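Me: I am new to this structure and would like to learn how to read it. Could you take me through it step by step?

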Amino acid sequence: MNKNCLLCGVGGQGVILASKLIAYAAMEKGMQVRTSETIGMSQRGGSVVSHVRMGEAVHSPMIPRGEADVLLAFEPAEAVRNLSYLKEGGVVIVNQKAVKSAASILSQDGYEGPEMLEFLRTQDLHLYAVDGEALCVEAGSPKVLNVALLGAAAASGALGITPKEMETQIRRRVKPSYVEMNLKALALGAEVEKEGRTSR
């Protein structure tokens with residue numbers, strides 16, 4: 001069974017590493033994998049989008065609009081911006097904390113994030129709004145948001161990849177000095193729904 005996951009966020013949040021970890025985990029399971037990224041403005045706080053397609057036969061790296069099974073959003077406005085890729089009844093896992101993009105800062109639009117979350121709650125989807133900031137505090141670093149969200153995504157079952165399979169890829173692909181911190185973030189993310197730390 002094929003799975004399409006679109007990841008989106010702002011430059012510096014670790015979107016690309018997260019997409020690579022998903023891709024490696026899928027390949028380990030014997031799936032075909034195709035990926036594509038849009039990262040042109042990432043170094044300036046711009047939007048970053050990564051497509052990950054995996055399954056028995058995957059012919060294109062780009063997810064058609066309306067066909068993503070999972071939208072993994074590191075920031076609420078980016079979730080709304082990319083919502084058209086999600087299939088009807090799909091899963092959205094979104095970090096609750098707003099991170100202003102370069103465009104938002106320049107326009108001084110007053111964007112804070114709650115209004116985007118409220119909009120998502122009105123849509124036909126399965127929403128997991130995760131307090132990523134709190135998870136990062138528990139894990140000991142703001143740099144592990146990507147892995148904490150991966151933990152939540154894996155535990156939801158929406159990716160078809162288990163937290164244990166994700167743990168294997170972290171041990172293989174992350175620098176040794178950062179492995180334990182990332183494993184803690186993964187475990188914390190995987191626990192959020194069970195402990196009632198998501199809002200829907």
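Me: What percentage of the 200 residues of the protein chain count as buried?

Reply: Welcome! Keep in mind that this is a predicted model. In the protein chain, 50% of the 200 residues count as buried. As for secondary structure, the chain comes to eight helices and seven strands. Of its contacts with a separation of 6 or more, 64% join residues 24 or more positions apart.

Me: Which residues touch the most other members of the largest nonpolar core?

Reply: Start with the general idea: in soluble globular proteins, nonpolar side chains tend to be buried together. Here, the largest nonpolar core has 43 residues, and Leu-7, Ile-22, Leu-72, Ile-93 and Leu-159 touch the most other members. Apart from that core lies another, of 18 residues, including Ala-68, Ala-79, Val-94 and Leu-117. Leu-7 is a good place to zoom in: beyond its neighbours within four places in sequence, its contacts include Val-15, Ala-18, Ile-22, Val-48, Leu-72 and Phe-74.

Me: How do I read a pair of packed helices, and at what angle do α1 and α7 pack?

Reply: Two packed helices are described by the angle between their axes and the distance between the axes. Helix α1 covers residues 15–28 and helix α7 residues 163–173; their angle is about 115°, and their axes are 9 Å apart. That angle makes α1 roughly perpendicular to α7. Their crossing is right-handed. On the α1 side you will find Leu-21, Ile-22, Tyr-24, Ala-25 and Glu-28, which meet Glu-165, Met-166, Gln-169, Ile-170, Arg-172 and Arg-173 of α7. Sorted by class, this contact has six nonpolar, one polar and four charged residues.

Me: Which residues make the contact between α1 and α6?

Reply: Begin with the geometry again: the axes of α1 and α6 come within 9 Å and cross at roughly 40°. The two helices are therefore oblique to each other, and α1 passes α6 in a right-handed crossing. Leu-17, Ala-18, Leu-21 and Ile-22 of α1 make the contact with Asn-146, Val-147 and Leu-150 of α6. These divide into six nonpolar, one polar and no charged residues. Notice that Leu-21 and Ile-22 also appear in the list of residues that meet α7.

Me: How far apart are the axes of α6 and α8?

Reply: Helix α8, residues 176–191, packs with α6 at an angle of about 40°, and the axes are 6 Å apart. That makes α6 oblique to α8, and the crossing is right-handed. From α6, Val-147, Ala-148, Leu-150, Gly-151, Ala-152 and Ala-155 meet Asn-182, Ala-185, Leu-186, Gly-189 and Ala-190 of α8. By class, there are eight nonpolar, three polar and no charged residues in this contact.

Me: Does a single residue tell me anything here? Is Ala-148 buried or exposed?

Reply: Let us follow that one. Ala-148 lies in α6, residues 145–156, and counts as buried because its relative accessibility is 1%, with the cut-off for buried being under 20%. Not counting residues up to four places away in sequence, Ala-148 touches Leu-135, Ala-185 and Gly-189.

Me: And where does Gly-46 lie?

Reply: Gly-46 lies in the loop between β2 (32–38) and β3 (47–55). With a relative accessible area of 8%, Gly-46 is buried. Try finding Gly-11 as well: Gly-46 and Gly-11 are 35 residues apart in sequence, yet 5.7 Å apart in space, C-alpha to C-alpha.

Methods:
Residues numbered from 1 in each chain as written. Predicted model: local features only at pLDDT ≥ 70, side-chain atom pairs only at ≥ 80, totals over all residues. Heavy atoms only, no water. Axes fitted to C-alpha atoms, helices over the stretch in contact; angles between N-to-C directions. Helix = DSSP H or I, 4+ residues; strand = E, 2+ residues; numbered from the N terminus. Parallel < 35°, antiparallel > 145°, perpendicular 65-115°, else oblique. Left-handed = near helix turned anticlockwise from the far one by under 90°. Contact = heavy atoms within 4.5 Å. Nonpolar A, V, L, I, M, F, W, Y, C, P; charged D, E, K, R; others polar. Core = buried A, V, L, I, M, F, W, Y, C linked by side-chain atoms within 4.5 Å. Buried < 20%, exposed > 50% of the residue type's maximum accessible area, 1.4 Å probe, protein only.
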